[in-house]
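The following exercises are to be worked through with the sequence and the predicted model at hand. Each task is followed by a stepwise solution.

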Amino acid sequence: VEALTQLAEQVPWRQDVWLRLGLAALRADADIAHDALERAAAGRDDLAVARRALLTLADRDILAGDHARARRWLDRIPSHPAQPDPELALRRIECALARGETKRIVAEAAALDGLDPEASTFSGLTTLGGRRRLVRAHLARLDPEGRHGGTALSLALGALLLDAPGAAELVAELLADTRDAAAVARAREVLATTGKLETPRFRAAFALAEGRRADARDALMKAADEGDAQAATTLLTLAATWQRVDVLAAVATSHGDLLSEDQHLLLEAHRHVDAGENVAAVQALERIVDPAMLAWADALLESAIGAWRGEGEAPSDWDPLLAELRRAATELDRLDQIAPIEALAVERERPLLVAVLGEFNAGKSTLLNALLGTDVAPTGVMPTTASLHHVAWAPDPFARVMVRGGSDRVVPHAELKTMLTALRRAGETVHQVLIYAPIERLKRIEILDTPGFNAPETTHAEEARRGIERAHVALWLLDATAPLKDSERRVIEQVAAARVPIQVLVNKRDRVGDEGIGDVMTYVASALEQVGIRSLAPPVAFSAQQALAGRLGDDAALQASRWSDVEKILADDIVNRSDLLREGALRRKAVHIAASLEQAAATRALEHDEAARDWEEREARRHQLASTFRNERGALAESIMQRLDAPLDQLWVDARPLEQLTEERQKSQEVRNYLVDRCVARLAPVIVSALVEEAGDDLSRAGVSAVERSVRATIAGAAAAHRSAPFPEGDALRAAVSAAVAAAADEVDAAGTSPPGHATRHRGVRRRLAAFASVFGERGSVVDDPSEDGGGDGDQHDDE
Ligand SMILES: Nc1nc2c(ncn2[C@@H]2O[C@H](COP(=O)(O)OP(=O)(O)OP(=O)(O)O)[C@@H](O)[C@H]2O)c(=O)[nH]1
Ligand SMILES: [Mg+2]
């Protein structure tokens, strides 16, 4: 190394000397290796030497795991589709494999056939044959059906025997996954010849292959405790596969420095979960990005968020849950979702909201009036109710009519009907009606009267749907004279699909009488069963009209109305279960919000991916352009020379006045400066525009100014150094142009832009929301199927 260093300094233009120095330094592990190889690679005279130097530089980066930089060296090697370059292909495939780009690998695999397996790899210690075999092993693993010259395991074993770096890892991985006893036995024989059989990695791999998971873990734990880093690394992989925090913790104790940031995060999260600090746990888990850790992290995320869900039917711990949703909405800039989240926070303290739903003319508003005991809401055979009527408690009876684009009107109950008629006649749109009454029951449940579904006015159905969205429970009112027609079945199915609990009531019992009602109820029961809808309590038949008359004083009508059946259901199945029903509704609404936020997060993540791909493409084109400049420097310089005739003529014109000066003056610094300045002004723009033309779209604006800067500097340097004539011409100029192109190439290489910010944040939000939805989604509705609520989190059963 020393002798070569001296020699290289004496003949710095000799690329081959730099290459030999680089290779010798590599074998001697001397620091100068990298610089020497770069010098050899940068030389422009011997392409074969530059290629060898670039391959070696790439090999070093591949071994060190910097595949992005390795690719950049490889991009500088000229290649031609007609002349396959197996050595180049091998490295390209290795880089692609490391980055999981399987398509590229398969496309280039054929080029490997021409590789000389005896050619030595960069350090001269091993041959390329081993690396090729390892690549084929990977290919065989990706595509077990294809022809690769053996199974993944046999190829990887071959690579291991040839000392290919990374082969032992692959063999151990393949062994751990295989269930083929014969293959395992063969591998044992082969490994026995290498003396590696007893290393903890392979002891564990064989134990895993034979299903002895505990043995594998013990062997590795013991080795790790004794300081074996390889065993510790293997354990880390296995800890993630098995989702065993004790294994991870053990490695953290013996080999803390081997844990990745994500592994530390997971440990931290686990500690938080154990300590009941679920917010902190969620915040640690959302930062995990390693694909190998995600399944584990997501499982923990679910248990951290699930800890806030009430056990079975019990109320959940809504404060942290809502805070979680608020945080997601803010992070995603979805401020439109804040209002519904705040509404949920308020709803926890509010009475249960029961929506009365059904087709028009079913008697919904009459039922409402019967409940209130006053004839306040308008009723009629034509579609009547046009907006949501919300009935709530207040110390005095009154109604507030909210007019779209106008001021609210406040009227006594008795005047509501006339007010609504007057507003309709005046062409005003009523947005909502609030009916207040001092009735005790309204402190526990509030009622929402809705427009009918099948009314010809489409706005009626829309309003009714708004009612379903808000409702905690639905009272579905059927008309005994026309129950559950097809159109009605479809809507009720949709409500059930939205997981709103439904109580079915059959109205207008008086119209079918005692004789007919039995058949109606049988029909209703079977129709509901057909559409798969379960009423909270079995449907009862009654007459809202008679009930209202009864409430207004007609005792006989009240008796006939069967109103007491309705009251009983309201009390037993709705009011008394209101906490449970409200909890179910909150869960349903929270999942709904989480789902729309999750959608937003997914969109964001996609946008980021696209930006990242664009950026990578631009970067690749930029590097490609730099290598084109470098590799075709001669030809480029030649074509630029042809454009320089006219500027040269102008330079002579610029120089003519100097002839008048004395010889001494002509040699002065001032004159020299003037000439350099003229050279740059006349020549640089032509060279720059030639290069920019060549670059086309591949050069950013920043790239153009970088090229301009370097060309001007090179020309200035060449002009200043030129002493034999006023300015460089002929070969001297050609050399200067060529140097300018080379300098431009370096600038283009260096003029990178920083990558777009990682999508990690949005992925983290998305994973949190997905966990949220799965915690509440599957078993979220406590009402639909209470029997489903089994134990809490999945048991942490031991894997033995
Ligand atoms: N015979 C009989 N008629 C009833 C009963 N309940 C309601 N009606 C009548 O049926 C018609 C419709 O009643 P509404 O209460 O307005 O029906 P709705 O479901 O509110 O109708 P929309 O508001 O249009 O959706 C009115 O003429 C009521 O008087 C009942 O139990 N028996
Ligand atoms: Mg009505």
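**Exercise 1.** Determine whether A537 is buried or exposed, and describe its surroundings.

*Solution.* Step 1: the relative accessibility of A537 in this predicted model is 7%. Step 2: a residue counts as buried under 20% relative accessible area. Step 3: A537 is therefore classed as buried. Step 4: locate the residue in the chain; A537 belongs to the loop that connects α25 and β9. Step 5: list the contacts, setting aside neighbours within four places in sequence; these are Q503, I569 and D573. Step 6: for a separation in sequence and space, take G406, which lies 131 residues from A537 in sequence, with 42 Å between the two C-alpha atoms.

**Exercise 2.** Establish the strand order of the open sheet and identify the strands at its edges.

*Solution.* Step 1: nine strands make up the open sheet, arranged as β4-β3-β5-β2-β6-β1-β7-β8-β9, with mixed pairing. Step 2: β4 (409–411) and β9 (540–541) each have a single partner strand, so one side of each has no neighbour in the sheet, and these two stand at the edges. Step 3: examine the link to β9; strand β8 (residues 502–507) runs parallel to β9 and is joined to it by two bridges. Step 4: L505 has V540 in β9 as its bridge partner. Step 5: add the helices. Helix α24 (residues 486–497) packs on the sheet, in contact with β7 (473–479) and β8, and its direction makes about 170 degrees with that of β7. Helix α25 (residues 509–530) lies across β7, β8 and β9, at about 150 degrees to β8.

**Exercise 3.** Which residues does H390 touch beyond those up to four places away in sequence, and is H390 buried or exposed?

*Solution.* Step 1: H390 is part of strand β2 (residues 388–393). Step 2: its relative accessible area is 9%, so H390 is buried. Step 3: the residues touched by H390 are L353, Q432, V433, L434, I435, E446, I447, L448 and R470.

**Exercise 4.** What lines the largest cavity, and what is the character of that lining?

*Solution.* Step 1: the structure has one cavity of 30 Å³ or more. Step 2: the largest cavity holds about 60 Å³ of space. Step 3: its lining consists of L371, L372, I439, R441, L442, I445 and I447. Step 4: two or more lining residues come from each of α21 (364–372) and β6 (445–449). Step 5: sorted by type, the lining has six nonpolar residues, no polar residues and one charged residue.

Notes:
Residues numbered from 1 in each chain as written. Chains lettered and ligands numbered in written order. Predicted model: local features only at pLDDT ≥ 70, side-chain atom pairs only at ≥ 80, totals over all residues. Heavy atoms only, no water. 1 Å grid on protein atoms, 1.4 Å probe; cavity = no way out; pocket = protein on both sides within 12 Å on 5 of 7 lines; lining within 4 Å. Points joined across faces, edges and corners; volume = space filled by probe spheres on them. Helix = DSSP H or I, 4+ residues; strand = E, 2+ residues; numbered from the N terminus. Nonpolar A, V, L, I, M, F, W, Y, C, P; charged D, E, K, R; others polar. Pairing = 2+ DSSP bridges. Contact = heavy atoms within 4.5 Å. Axes fitted to C-alpha atoms, helices over the stretch in contact; angles between N-to-C directions. Buried < 20%, exposed > 50% of the residue type's maximum accessible area, 1.4 Å probe, protein only.
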